[in-house]
Amino acid sequence: MTQLALVIDLNVCVGCHACVTSCKQWNTSGTAGALTDLNPYAADPNGTFFNRVQTFEVGEYPNTQTVHFPKSCLHCEDPPCVPVCPTGASYKRAEDGIVLVDYDKCIGCKYCSWACPYGAREFDEERKVMTTCTLCVDRVTDTKVPEPERKPACVLACPANARLFGDVHDPESVVSKAIAERGGYQLMPEWGTRPANHYLPRRKTEIRIHPEDLERVDNPLKLDGKQPEYAGRGAGREDFAT
């Protein structure tokens, strides 16, 4: 069985919110319908978002880090939001494992939001229905869209390539290989929901400093027509095409 999901690399996410804005734009203009914004230009704006980025400071001064944590519907393999829905509006697609909401059946009872341990469901105050990330199902299944672009809007918008998309049940997929190689983990697995989305943990990155990077170059742009000469210095990395 295919299970489409996102794999998010916390090591390279910079918290730019490109995923948030692209998600909002695509889904507002797509099959999900207009996503309500509440007081967007006021002091306390709010609204309906399928994807949010939470930012945390971890550690103790002076050894602190800023962690950006994107979170949306995790498209659980055993989603607790589905069985509690009294009208069957919340359902999981058999062909790709995406969890969706049928707005025509939704009565806005919020049972699904209470059942979700991740707080991924959002109530649209204007339409009085529950909403959730759709993994841009209208885009990834559209054969008119070029195959390389059949990905969620958030994946295509991420400037740091922190978001991967694919079938986590396919061991040869990009997402499965990333999970295996990087120790990808599920969010709160103790709830037994088996989230399809995974996170790649942060890791220490080695800083490589070349000796020539430590030398001061007084006139790199030759503004006065004279380039300083250094005895015995050969060509540097910047002298070669990379």
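**Rings, a surface patch and two loop contacts**

Let's start in helix 2 (residues 111-115), where Tyr111 and Trp114 sit three residues apart and so are separated by about one helical turn. Keep in mind that what you are looking at is a predicted model.

Now look at the two side chains themselves. A pair of aromatic rings is described by the distance of the centres and the angle of the planes. By the pairing rule, the count here comes to three aromatic pairs. For Tyr111 and Trp114, the ring centres are 5.6 Å apart and the planes meet at 40°, so this pair is tilted. That label follows because stacked needs planes under 30 degrees apart and edge-to-face needs over 60.

How open are these rings to the outside? Trp114 is exposed, with a relative accessible area of 62%, while Tyr111 is partly exposed at 41%. Both residues also belong to a nonpolar surface patch of about 340 Å², which they make together with Val84. To find Val84, go to the loop between strand 5 (63-72) and strand 6 (90-92). Val84 is partly exposed, its relative accessible area being 34%; that lets Val84 into the patch, because patch residues need over 30%.

There is more aromatic company elsewhere: Phe69, Tyr185 and Tyr199 are linked into a cluster by ring pairs. Then come two arginines placed over ring faces. Arg127 lies over the face of Tyr103, 4.9 Å from the ring centre, and Arg139 does the like with Trp26, at 4.7 Å.

Next, hop over to another arginine, Arg194, in the loop between helix 5 (174-182) and strand 11 (198-200). Arg194 is partly exposed, with a relative accessible area of 46%. What does Arg194 touch, not counting residues up to four places away in sequence? The list is Cys76, Glu77, Asp78 and Gln186. Pro79 makes a nice example of sequence versus space: Arg194 and Pro79 are 115 residues apart along the chain, yet 7.9 Å apart from C-alpha to C-alpha.

Glu77 brings us to the last stop, since Gln3 is in contact with Glu77 too. You'll find Gln3 in the segment before strand 1 (4-9). Is Gln3 buried or exposed? With 0% relative accessibility, Gln3 counts as buried, because the cut-off for that word is under 20%. Leaving aside neighbours within four places in sequence, the contacts of Gln3 include His75, Lys92, Asp96 and Gly97, along with Gly166, Asp167, Val168, His169 and Ala196.

Key
Residues numbered from 1 in each chain as written. Predicted model: local features only at pLDDT ≥ 70, side-chain atom pairs only at ≥ 80, totals over all residues. Heavy atoms only, no water. Patch = residues over 30% accessible without salt bridge, like charges linked within 9 Å, V, L, I, M, F, W, Y side chains within 5 Å. Areas by Shrake-Rupley, 256 points an atom, 1.4 Å probe, with all protein chains shown as cover. Salt bridge = Lys/Arg side-chain N within 4 Å of Asp/Glu carboxyl O. Helix = DSSP H or I, 4+ residues; strand = E, 2+ residues; numbered from the N terminus. Buried < 20%, exposed > 50% of the residue type's maximum accessible area, 1.4 Å probe, protein only. Phe/Tyr/Trp six-rings, centres within 6.5 Å; stacked < 30°, edge-to-face > 60°. Lys NZ or Arg CZ within 6 Å of the ring centre and 35° of its normal. Contact = heavy atoms within 4.5 Å.
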